[in-house]
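The exercises below are meant to be worked through with the sequence and the model open side by side. Each task is followed by a solution that proceeds step by step.

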Amino acid sequence: APGVQVLSAIPGDSIAAFNGTSMAAPHVAGAIALVLSAATGLQGDSFTIREILLSTVEDYGEAGRDQRFGFGRLDALSAVQTAISFV
């Protein structure tokens with residue numbers, strides 16, 4: 001997931017936009033947690049979870065993975081809906 005202009009809480013009761021993988025990783029981890037909550041039978045099946053996430057992203061730019069957008073923007077709702085069909 002691209003980590004570009006991701007809003008984050010900062011000290012002083014405010015928010016700011018930051019870039020980088022450290023900003024994208026929490027979103028990916030959150031999406032995985034949602035998938036596992038909806039489909040507990042997928043616990044330990046990292047291959048299927050990865051495939052669910054990749055098959056439900058909104059792809060931008062060139063088809064598939066590219067340097068600007070990675071694989072695309074996560075669609076957590078679609079990922080959860082897809083995961084439910086696996087159990």
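**Exercise 1: the two sides of α1**

Met23, Ala24, Ala31 and Val35 are the buried residues of α1, in what is a predicted model.

Task: Determine how the buried residues of α1 are arranged about its axis, and which elements they pack against.

Solution. Viewed down the axis of α1, the buried residues fall within an arc of 110°, so they line one face of the helix. The next step is to look at the face turned away from this buried side, which carries the exposed residues Ser22, Pro26 and Ser37. Finally, the packing partners of the buried residues are β1 (6–10), β2 (14–18), α2 (46–55) and α3 (76–84).

**Exercise 2: the span of α1**

Task: Compare the expected span of helix α1 (residues 21–38) with the distance between its end C-alpha atoms.

Solution. The helix has 18 residues, and the expected span is 1.5 Å times one less than that number. This gives an expectation of 26 Å, and because the end C-alpha atoms are 26 Å apart, the two values agree.

**Exercise 3: the buried side of α3**

Task: Identify the buried residues of α3 and state what covers them.

Solution. The buried residues in this helix are Ala79, Val80 and Ala83. They cover an arc of only 95° around the axis, which puts them on the same side of α3. Their cover includes α1 and α2, and the packing of the buried residues of α1 against α3 was already met in the solution to Exercise 1.

**Exercise 4: the backbone at aspartate 13**

Task: Where does aspartate 13 lie, and is this residue buried or exposed?

Solution. Aspartate 13 is placed in the loop between β1 and β2. With a relative accessibility of 85%, aspartate 13 counts as exposed, because the cut-off for that class is over 50%. Its phi is positive, about 60°, although the residue is not a glycine. Most residues other than glycine have a negative phi.

**Exercise 5: the chain as a whole**

Task: Describe the order of the secondary structure elements and the overall burial of the protein chain.

Solution. The protein chain contains three helices and two strands, which follow the pattern β-β-α-α-α along the sequence. Of its 87 residues, 23% are buried, while the chain exposes about 5800 Å², with carbon and sulfur atoms supplying 57% of that area. Along its principal axes, the C-alpha trace spans about 45 × 35 × 20 Å.

Key. Residues are numbered from 1 along each chain as its sequence is written. This is a predicted model: local features need pLDDT of at least 70, side-chain atom pairs count only at pLDDT 80 or more; totals for chains, interfaces and linings use all residues. Side-chain values use heavy atoms; hydrogens and water are left out. Helices (H or I, at least four residues) and strands (E, at least two) are DSSP runs, numbered from the N terminus. Buried means under 20% relative accessible area, exposed over 50%, partly exposed in between (1.4 Å probe, protein chains only). The arc is that of the directions from the helix axis to the C-beta atoms. Contact means heavy atoms within 4.5 Å. Accessible areas come from the Shrake-Rupley method with a 1.4 Å probe; for residues, only the protein chains shown count as cover.
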